[in-house]
Amino acid sequence: FYSTAGYSLIEENNVPYVSVRDENGGVIETKLVGSYNLQNIVAAVAVGKYFGVDAEESYQAIQEHIPNMRSQLLKTETNLIILDAYNANPTSMSASILSFSKMSFLGMKKILVLGEMNELGEEAERYHLEISQLISRLAFDRIYLCGPLFCSGTVEKTLHFQTKEDLVQELTKNPIKQAAILLKASRSTALETLV
């Protein structure tokens, strides 16, 4: 059992990486993006404590971790990309979208590129509709939804694509520039190939 009590996010303007302060004032600076990672960081520390790992060793390991397609920040010539395309489910998709919606990127457009969440069984359509409803309540400059399960419905500023190939064609014709972009999808969608 672990609790996030005593741990808090350190909010810094224009610093997208997550930093956490522990109950003793110690700081863990990560290379992860997304406030939802607070729980992941605290869980990692708790597992370390359980197995007798010194807190400083745990903190160092967390600080040295380089994410790969999970909460990963990439910088291109003109864009900042949060690549979170290793996996997706309704909980992680909602958390990523909400966290991204609260981030500040001075002078940059905020764009969502979302692919389907797979392996959801009979509830797949409902979960995709719930994500569409969530993004309709938030402010983004443009939204790209990829896959037949996503319902673009009445979401403003949304482009819907049946396949990733259709999305690639659109982005080739109309590249995104000067934007902060969240790429989030299930692994099988392979959205990382857009970077």
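These are my notebook entries on a predicted model, taken helix by helix and then through salt bridges, backbone angles and one loop glycine.

**Entry 1: helix 4**

I began with helix 4, which covers residues 124–136, and checked its length against its residue count. At 1.5 Å a residue its 13 residues should span 18 Å, and I find the end C-alpha atoms 19 Å apart, which agrees. I then listed its buried residues, which are A124, H128, I131, S132, L134 and I135. Looking down the axis of helix 4, I see these buried residues fall within an arc of 160 degrees, so they line one face of the helix. I next asked what covers the buried residues of helix 4. The cover includes helix 3 (90–102), strand 6 (109–115) and strand 7 (142–146).

**Entry 2: helix 3**

Since helix 3 had come up as part of that cover, I put it through the length check as well. Helix 3 has 13 residues and reaches 19 Å from its first C-alpha to its last, which is close to the 18 Å expected at 1.5 Å a residue. Its buried residues are P90, M93, S96, I97, S99, F100 and S101. For the cover over these buried residues of helix 3, I noted strand 5, strand 6, helix 4 and strand 9 among the elements included. Helix 4 is thus part of the cover of helix 3, and helix 3 is part of the cover of helix 4.

**Entry 3: salt bridges**

How many salt bridges does the count come to? I get five, and I wrote down some of them in detail.

The side chains of D84 and K184 meet in a salt bridge, at 3.5 Å from N to O. D84 lies in strand 5 (residues 79–84) and K184 in strand 9 (residues 179–184), so this pair ties together parts that are 100 residues apart in sequence. I wanted to know whether the two partners are buried or exposed. With buried taken as under 20% relative accessible area, D84 counts as buried at 6% relative accessibility, and K184 counts as buried at 2%.

E192 forms a salt bridge with R187, and the closest N and O atoms are 2.8 Å apart. Here E192 is buried, with a relative accessible area of 19%, while R187 is partly exposed, with a relative accessible area of 31%. I also noted that salt bridges sharing partners join E123, R126 and E130 into one network.

Within that network I looked up the pair E123 and R126, whose side chains meet in a salt bridge at 2.6 Å from N to O. E123 counts as partly exposed at 34% relative accessibility, and R126 is partly exposed as well, with a relative accessible area of 39%.

**Entry 4: positive phi angles**

Most residues other than glycine have a negative phi. I therefore noted the cases that depart from this.

Phi of M69 is near 65 degrees, a positive value in a residue other than glycine. M69 lies in the loop between helix 2 (55–64) and strand 4 (72–75), and at 11% relative accessibility it counts as buried.

Q178 has a positive phi of about 55 degrees although it is not a glycine. I place Q178 in the loop between helix 5 (164–173) and strand 9, the strand that also holds K184. Q178 is partly exposed, with a relative accessible area of 45%.

**Entry 5: G147**

I then turned to G147, which is found in the loop between strand 7 and strand 8 (158–161). At 5% relative accessibility, G147 counts as buried. Which residues is G147 in contact with, once its neighbours within four places in sequence are left aside? I find E116, H160, F161 and Q162. I also recorded the separation of G147 and L159, which are twelve residues apart in sequence and 11 Å apart in space, C-alpha to C-alpha.

**Entry 6: a nonpolar surface patch**

Last, I looked at the surface, where V47, Y50, F51 and V53 form a nonpolar patch with about 470 Å² of accessible area together. Y50, one of the patch residues, lies in helix 1 (residues 37–50). Its own relative accessible area is 68%, and I recorded Y50 as exposed.

Notes: Residues are numbered from 1 along each chain as its sequence is written. This is a predicted model: local features need pLDDT of at least 70, side-chain atom pairs count only at pLDDT 80 or more; totals for chains, interfaces and linings use all residues. Side-chain values use heavy atoms; hydrogens and water are left out. Patches are made of residues with over 30% relative accessible area and no salt bridge: like charges are joined within 9 Å, nonpolar side chains (Val, Leu, Ile, Met, Phe, Trp, Tyr) within 5 Å. Accessible areas come from the Shrake-Rupley method with a 1.4 Å probe; for residues, only the protein chains shown count as cover. A salt bridge is a side-chain nitrogen of Lys or Arg within 4 Å of a carboxyl oxygen of Asp or Glu. Helices (H or I, at least four residues) and strands (E, at least two) are DSSP runs, numbered from the N terminus. Buried means under 20% relative accessible area, exposed over 50%, partly exposed in between (1.4 Å probe, protein chains only). The expected span of a helix is 1.5 Å times one less than its number of residues. The arc is that of the directions from the helix axis to the C-beta atoms. Contact means heavy atoms within 4.5 Å.
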